[in-house]
2 protein chains.
Amino acid sequence: MSHNDWLTTTPEPPYTAVIFTSRRTTTDDKGYSEMAQLMGTLSAQQPGFLGVESARGNDRVGITVSYWATPAHAQAWKQVAEHIGAQRTGRERWYEDYATRIATVERDYTMDTSTFE
Amino acid sequence: MSHNDWLTTTPEPPYTAVIFTSRRTTTDDKGYSEMAQLMGTLSAQQPGFLGVESARGNDRVGITVSYWATPAHAQAWKQVAEHIGAQRTGRERWYEDYATRIATVERDYTMDTSTFE
């Protein structure tokens, strides 16, 4: 898959997707934004990181999907100390609620390769 | 997982996630919006449909994740006639580009069950 900057160029499946769906509280936009940027930088430095896609609408619901070479790589990022701190503040302050799902991507296609079948 | 209306209540893994990342063109907001609503209604009537989560930001990048009981259920929805028509118009008119990834969710947790480890 070869792409624009908002789409991740992922290898042939299988690879790992971490789907994070959340709703932001209305508090501390500045702190959240700074931490999100820091976590983006840190995650991109982790072994096995393939890329990330993210969207958040005006209703404050957001979905971030990060892609990893293996489930072990995704799990290792969850346990990085700075990330644990961010997760804790997220739960206490930035998110009304969230869900995280760890998945193995088995097939993929793009606009160029889609067949509608 | 038990949730708000913007979060899907999914069963114990494994289940299937279809991750659709796209960027909207600036054309035909009305037609796109009507079709998106229709496809939302139709998909919810399909066998094996578990729910859908969606976000689109001001940069027009969006992520929609639909959840299905099995990969076969997700594949069957891709082949529903009305959906094939929507996919074609999406490619021709509504999307600059997109990627679709079909994945098996193997673990999940929510804010209530997260342990930071």
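This short presentation covers the pairing of chain A with chain B and then helix 1 of chain A.

The model is predicted: local features require pLDDT of at least 70, side-chain atom pairs count only at pLDDT 80 or more, and totals for chains, interfaces and linings use all residues. Residues are numbered from 1 along each chain as its sequence is written, chains are lettered from A in the order in which they are written, and side-chain values use heavy atoms, without hydrogens and water.

I begin with the symmetry. Chain A superposes on chain B, by least squares on the C-alpha atoms of residues with pLDDT of at least 70 in both, through a rotation of 180 degrees with 0.0 Å of shift along the axis, at an RMSD of 0.0 Å. That is the relation of a two-fold axis. Within chain A, the residue closest to this axis is A:Gly57, with its C-alpha at 2.3 Å.

Next, the interface. Chain A and chain B each contribute 51 residues to the contact, meaning heavy atoms within 4.5 Å. Two salt bridges are counted between the chains, each a side-chain nitrogen of Lys or Arg within 4 Å of a carboxyl oxygen of Asp or Glu. A:Glu53 and B:Arg101 meet in a salt bridge, at 3.1 Å from N to O.

Finally, helix 1 of chain A, residues 29-44, a DSSP run of H or I with at least four residues, numbered from the N terminus. Its buried residues (under 20% relative accessible area, 1.4 Å probe, protein chains only) are A:Gly31, A:Tyr32, A:Met39, A:Leu42 and A:Ser43. Seen down the helix axis, these buried residues fall within an arc of 95 degrees, taken from the directions from the axis to the C-beta atoms, so they line one face of the helix.

Definitions and conventions
Helix = DSSP H or I, 4+ residues; strand = E, 2+ residues; numbered from the N terminus. Expected span 1.5 Å × (residues − 1). Buried < 20%, exposed > 50% of the residue type's maximum accessible area, 1.4 Å probe, protein only.
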